[in-house]
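Let's take a walk through this structure together, starting at the ligand and working inwards. Please keep the sequence and the 3D view open as you read.

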Amino acid sequence: MTTLLRIDSSLRMNDSYSRLMGDYFEERWKTKHADGKIITRDVTLQPTPHLTQETVNGFFDETLHSEQLELSDLLIEELHASDEILINCPMYNYGIPSSLKAYFDLVVRTKKTFAYDATGIRGLLLDKKASIISVMGILQPATQEKNPLETQITRILNQLGVIEIGYFPMDGMIDPEEASLKMEQQRNHINQYFNHQEYAAHTTSH
Ligand SMILES: Cc1cc2nc3c(=O)[nH]c(=O)nc-3n(C[C@H](O)[C@H](O)[C@H](O)COP(=O)(O)O)c2cc1C
């Protein structure tokens with residue numbers, strides 16, 4: 001069975017562009033995977049607490065136990081159980097929401113999601129692909145290859161071993177006309193993504 005892990009991080013439960021586009025992506029995904037499973041992780045509704053020193057100690061010492069380490073284990077299990085990861089992310093004060101950062105701080109974990117030795121860092125989440133829906137109120141410079149949200153999330157995913165990533169950015173959303181244009185563009189982009197032969201070729205089934 002193919003599994004999608006959907007992560008939402010907008011504070012808005014209604015009229016959130018990242019959630020609406022995430023819904024669209026999810027609908028398209030379901031048509032491709034009629035018997036697929038979807039795991040939802042909403043870091044607004046189920047906030048992840050900030051990383052503590054005690055938890056970092058626990059990352060390196062398996063004899064330590066705490067509620068936060070149990071949550072970290074659970075979040076990591078969700079990642080390992082998924083074939084695809086969808087991250088729906090608004091820009092808050094020039095970066096990803098602090099709730100999403102707190103989530104990443106619990107899942108970027110040595111021996112569980114990445115390993116390192118003298119040759120460097122090696123991700124342990126293999127054969128997975130990801131999609132990032134990023135939403136910004138202000139227009140971003142057209143010259144940049146990736147916006148700041150995509151850059152940060154990509155670095156983290158790459159460290160965990162996720163290399164194949166689809167990008168669905170929407171900027172200038174403060175202007176309703178621009179917003180409807182960007183929504184239309186990204187719906188088309190998502191359609192193309194799912195119609196593309198490479199999508200099928202890289203989707204694993206268990
Ligand atoms: C607290 C807060 C901070 C924001 N900071 C930025 C920002 O730095 N840059 C930007 O382009 N938009 C910023 N915005 C606008 C949001 O990115 C925009 O409203 C986006 O649509 C939010 O995502 P959503 O529609 O999924 O809720 C901010 C919005 C809020 C609520």
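Which residue has a polar backbone atom 2.8 Å from an oxygen atom of the ligand? That residue is Tyr-94. Before going further, a word on what you are looking at: this is a predicted model, in which local features need pLDDT of at least 70, side-chain atom pairs count only at pLDDT 80 or more, and totals for chains, interfaces and linings use all residues. Residues are numbered from 1 along each chain as its sequence is written, and side-chain values use heavy atoms, with hydrogens and water left out.

Back to the ligand. Tyr-94 is not alone in offering a polar atom: a polar side-chain atom of Arg-12 lies 2.7 Å from a ligand oxygen, and a backbone N or O atom of Ile-138 lies 2.8 Å from an oxygen atom of the ligand. With the protein in place, 74% of the 630 Å² of accessible area that the ligand has on its own is covered; such areas come from the Shrake-Rupley method with a 1.4 Å probe, and for residues, only the protein chains shown count as cover. In total, 14 residues surround the ligand, the closest being Ser-10, Arg-12, Ser-16, Ser-18 and Met-91. To belong to this group, a residue needs a heavy atom within 4 Å of the ligand. Sorted by class, the shell holds eight nonpolar, five polar and one charged residues. Here Ala, Val, Leu, Ile, Met, Phe, Trp, Tyr, Cys and Pro count as nonpolar, Asp, Glu, Lys and Arg as charged, and the others, Gly among them, as polar.

Tyr-94 deserves a second look. Tyr-94 lies in the loop between S3 and H4; helices (H or I, at least four residues) and strands (E, at least two) are DSSP runs, numbered from the N terminus. Tyr-94 is exposed, with a relative accessible area of 72%, where exposed means over 50%, buried under 20% and partly exposed in between (1.4 Å probe, protein chains only). Phi of Tyr-94 is near 75°, a positive value in a residue other than glycine. Most residues other than glycine have a negative phi. Another positive phi, near 60°, belongs to Asp-127, which sits in the loop between strand S5 (120–123) and S6 and is exposed at 66%.

Now follow the chain on either side of the Tyr-94 loop. On one side is S3, where seven of the seven residues are buried, so the strand is largely enclosed by the rest of the structure. Glu-84, Leu-86, Asn-88 and Pro-90 are buried on one face, while Ile-85, Ile-87 and Cys-89 are buried on the other. S3 pairs with S1 in the parallel sense over five bridges, with Leu-5 opposite Ile-85. Pairing requires that DSSP finds at least two bridges between the strands. Seven bridges also join S3 to strand S6 (residues 129–135), again running parallel, and there Pro-90 stands opposite Val-135.

On the other side of the loop is helix H4 (residues 98–107), where seven of the 10 residues are buried, so H4 too is largely enclosed by the rest of the structure. Among the buried residues are Ser-99, Tyr-103 and Phe-104. Their cover includes strand S1 (3–8), strand S2 (37–42), helix H3 (67–81) and helix H5 (148–160). Ser-99 also leads us to Pro-47: the two are 52 residues apart in sequence but 6.4 Å apart in space, C-alpha to C-alpha. Pro-47 is in the loop between S2 and H2 and is exposed, at 58%.

Two arginines round off the tour. Arg-41, in strand S2, counts as buried at 7% relative accessibility. The side chains of Arg-41 and Glu-78 are joined by a polar contact of 2.9 Å, that is, a pair of N or O atoms within 3.5 Å; within protein, one must be able to donate a hydrogen and the other to accept it, and residues adjacent in sequence count only if both atoms are side-chain atoms. Arg-41 also touches Tyr-103, where contact means heavy atoms within 4.5 Å. Arg-19, in helix H1 (residues 17–32), is buried at 10%, and its side chain makes a polar contact of 2.8 Å with that of Asp-42. Among the other residues in contact with Arg-19 are Ser-10 and Arg-12, two residues that bring us back to the ligand, where both are listed among the closest.

Technical notes
Lists of a residue's contacts leave out its neighbours within four places in sequence.
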